[in-house]
Amino acid sequence: MKKRIIVKRKNKSDTAIENYPMVSCEWNDIESFSGWCSIKDLKNSKLPICITKGHLLSQKNGITRIFGDYSEDSNKEINEIGNTTIIPNSVIVSIKKI
C-alpha cells in the first residue's frame, strides 16, 4: 500500500500539466447515521471507501491535493484548475499513478 507519491517536476514551470501525474486515490470516508441501530450493528459497521481520480497537485503538511479539470492558455500553460479535492493523508488507504 503506497500512501505517498514523489512528484518530480519535469518542467521548471509549475503551470505545465506534465508536472501533475494522474492518480487514483483510495481513502476512508466518515459515515454517520441518525436512525436507531443495535450496538452489534454499529460494531460491525465499516467505513465507506471512496476513490478520487485526478491530477496530483501535492502531498505535504498532512494533506493530498488533487484537481480534475484545468484550462490552458495559448502557450499550453495551466491557467486555472477546477474540481479540486483535498484529503487528509491519515485517511488514505492507497494512491497510485494511472
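Which residues make up the largest nonpolar core? I started with this question and worked on a predicted model.

**Entry 1: the core**

I listed 10 residues in the largest nonpolar core: Ile5, Val23, Cys25, Trp27, Cys50, Leu56, Ile66, Ile87, Ile92 and Ile95. I then looked up where they come from. At least two residues of this core are supplied by each of strand S1 (22-28), strand S2 (49-60) and strand S5 (92-97). The most come from S1, which gives 3 residues.

I picked valine 23 from the core list and looked up its contacts. With neighbours within four places in sequence left aside, valine 23 is in contact with Ile5, Thr52, Lys53, Gly54, Leu56, Ile66, Ile95, Lys96, Lys97 and Ile98. Of these partners, I note that Ile5, Leu56, Ile66 and Ile95 are also on the core list.

**Entry 2: the whole chain**

How many helices and strands are there in the protein chain? I found 1 helix and 5 strands. Read from the N terminus, the order of elements is β-α-β-β-β-β. I next looked up how spread out the chain is. The radius of gyration is 17 Å, and the globule rule gives 13 Å for 98 residues, so the protein chain is more spread out than a compact globule. Along the principal axes, the C-alpha atoms fill a box of roughly 60 × 25 × 25 Å.

I noted some totals for the protein chain as well. Of its 98 residues, 27% are buried. The accessible surface is about 7400 Å², and carbon and sulfur atoms account for 52% of that. I looked at contacts between residues at least 6 apart in sequence, and 58% of them join residues at least 24 apart. For charge, I wrote down 16 positive and 11 negative side chains, with the centres of the two sets 11 Å apart.

**Entry 3: histidine 55 and isoleucine 17**

Is histidine 55 buried or exposed? Its relative accessibility is 11%, and the cut-off for buried is under 20%, so histidine 55 counts as buried. Histidine 55 lies in strand S2. Not counting residues up to four places away in sequence, histidine 55 touches Ile17, Tyr20, Pro21, Met22, Arg65, Ile66, Phe67, Gly68 and Tyr70. I also checked histidine 55 against valine 91, which is 36 residues away in sequence, and their C-alpha atoms are 19 Å apart.

Isoleucine 17 was on that contact list, and I followed it up. Isoleucine 17 is placed in the segment before S1. Its relative accessible area is 13%, and isoleucine 17 is therefore buried. Beyond residues up to four places away in sequence, isoleucine 17 touches His55, Phe67, Tyr70, Glu72 and Ile78. Phe67 and Tyr70 are thus touched by histidine 55 and by isoleucine 17.

**Entry 4: lysine 76**

How far apart in space are isoleucine 17 and lysine 76, C-alpha to C-alpha? I read 8.4 Å for this pair, with their positions 59 residues apart in sequence. Lysine 76 is in the loop between S3 and S4. With a relative accessible area of 58%, lysine 76 is exposed. I also noted that lysine 76 has a positive phi, near 65 degrees, and is a residue other than glycine.

**Entry 5: the loop between S2 and S3**

Where is asparagine 61 found? I located asparagine 61 in the loop between S2 and strand S3 (63-72). Asparagine 61 has a relative accessible area of 73%, which means exposed, since the cut-off is over 50%. Although asparagine 61 is not a glycine, its phi is positive at about 55 degrees.

I then looked up serine 58, which is placed in strand S2. Serine 58 is buried, and its relative accessible area is 14%. Neighbours within four places aside, serine 58 is in contact with Ile63, Thr64 and Arg65.

**Entry 6: asparagine 89**

Which residues is asparagine 89 in contact with, leaving aside its neighbours within four places in sequence? I wrote down Lys3, Gly62, Ile63 and Thr64. Asparagine 89 lies in the loop between strand S4 (78-88) and S5. I checked its separation from glycine 62, which is 27 residues away along the chain, and the two C-alpha atoms are 5.2 Å apart. Ile63 and Thr64 are contacts of asparagine 89, and I had already listed both for serine 58.

Definitions and conventions: Residues numbered from 1 in each chain as written. Predicted model: local features only at pLDDT ≥ 70, side-chain atom pairs only at ≥ 80, totals over all residues. Heavy atoms only, no water. Core = buried A, V, L, I, M, F, W, Y, C linked by side-chain atoms within 4.5 Å. Buried < 20%, exposed > 50% of the residue type's maximum accessible area, 1.4 Å probe, protein only. Helix = DSSP H or I, 4+ residues; strand = E, 2+ residues; numbered from the N terminus. Contact = heavy atoms within 4.5 Å. Rg over C-alpha atoms; globule rule 2.2 N^0.38 Å. Areas by Shrake-Rupley, 256 points an atom, 1.4 Å probe, with all protein chains shown as cover. Lys, Arg positive; Asp, Glu negative; His and termini not counted. Charge placed at Lys NZ, Arg CZ, Asp CG, Glu CD.
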